[in-house]
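Good morning, colleagues. Please take a moment to look at the sequence and the structure before I begin.

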Amino acid sequence: MSRTTDYAAALRTALRRAVGAVDERELTRATEALVSRYRSVAPATAPILASRVHVAAYAAYRMPATHAALTRALGVVAARGLEPRSLLDLGGGTGAAAWAAAGVFDTLETVTVLDQVEDALALGRELVVDAPSAALAGATFRQARAGAWPDLEADLVTVSYVLSELDPAQQEALVADAMRRGGSVVVVEPGTPDGYARVLRVRSALVDAGWTLLGPCPHERDCPLAQGDWCHFAARVNRSAEHRRLKGAELSYEDEKFSWVAAMAPSLAETQSAEDLPARILRHPLKRKGFVEFQVCRPDGTAGRELISKKAGERYRSARDAEWGDALP
Ligand SMILES: C[S@@+](CC[C@H](N)C(=O)[O-])C[C@H]1O[C@@H](n2cnc3c(N)ncnc32)[C@H](O)[C@@H]1O
């Protein structure tokens, strides 16, 4: 993880510079239209980012949140020892995954973002002009449609907040494309029951093809939450004044809820030593006097409650700092 640069702050600055000139009333109207479109669960029949103002609105109100979610997910993947040198972001829009990957992986050398909407790619190019890493500043943003991606491969392929815009057959084809092109694949979706259902289908495709899950699951058995619950996490996003105005919001932060899965191809997994994975924390921990209570997903494929009490010493001190989405100390 690149610890010296605050990529979220650099992205906020780049957004202010690139989107600041757009008429604020138009931006607010486009934001409202996008919010209502993204609440719908129907696949898109035409590009949702239909104009430059829609693209600017998407970048201003969604990109800080998708960037935060991806940063959390990629952080877990980095903790598994992944050190990608190349990134391919399918349906990458304005480049949120590229910003997150550059912030998490110091090893990144090349970044390619593919999307169907040229206006989104153009804004993505503008945002990275003064980016804090050479890989990000030199990123390629290239127009392409799902099903007709150029013949590129990368160590890491991201598919972030894209599946909901596609019908189930297209979703399946996109995931298969990502698996053909990447040594590792990370798929992120909104943290809704619907988004989780899509992630669960991706997880099955990965496991069935013999891929090794890198997160968030500590096992490859059936998901223990599949009956009546949904696996999702939260990433804290600091809202800029512009962001607050656009959303008509008062709080200085929001929590972006997301579902995700990441996996590594069988050829790569062979090079890694088998590890005992820790349980994953599935809810905000309850920090009580003398103990912390967690809901977790365990390596044996079960989910349930774990308590870490003061008697556990150092482990208890780590438990007090642990957050939803972290590994159980
Ligand atoms: C909600 S945005 C997500 C953008 C970005 N990945 C992020 O996380 O912020 C969905 C993106 O998927 C792209 N997309 C949707 N369907 C596509 C298709 N058939 N081919 C290429 N891109 C597509 C859209 O143009 C849009 O940029």
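I shall speak about the ligand site and then about the aromatic residues.

This is a predicted model, in which local features need pLDDT of at least 70, side-chain atom pairs count only at pLDDT 80 or more, and totals for chains, interfaces and linings use all residues. Residues are numbered from 1 along each chain as its sequence is written, and side-chain values use heavy atoms, with hydrogens and water left out.

Which residues are closest to the ligand? They are Tyr 58, Gly 91, Asp 115, Ala 146 and Ser 160, out of 20 that surround the ligand, where near means a heavy atom within 4 Å. Polar contacts are pairs of N or O atoms within 3.5 Å. Tyr 58 places a polar side-chain atom 2.6 Å from a ligand oxygen atom, and Asp 115 likewise has one at 2.6 Å from an oxygen atom of the ligand. For Gln 116, the partner is a ligand nitrogen atom, at 3.4 Å. Of the 590 Å² of accessible area that the ligand has on its own, the protein covers 97% (Shrake-Rupley method, 1.4 Å probe).

I turn now to the rings. One aromatic pair is counted, with ring centres required to lie within 6.5 Å. Phe 233 and Phe 258 form this pair, with 6.2 Å between centres and 45 degrees between planes; that is tilted, as stacked means under 30 degrees and edge-to-face over 60. Phe 233 is buried at 2% relative accessible area, and Phe 258 is also buried, at 2%, buried meaning under 20% with a 1.4 Å probe and protein chains only.

Methods:
Polar contact = N/O pair within 3.5 Å; in protein donor to acceptor, adjacent residues only side chain to side chain. Phe/Tyr/Trp six-rings, centres within 6.5 Å; stacked < 30°, edge-to-face > 60°. Buried < 20%, exposed > 50% of the residue type's maximum accessible area, 1.4 Å probe, protein only.
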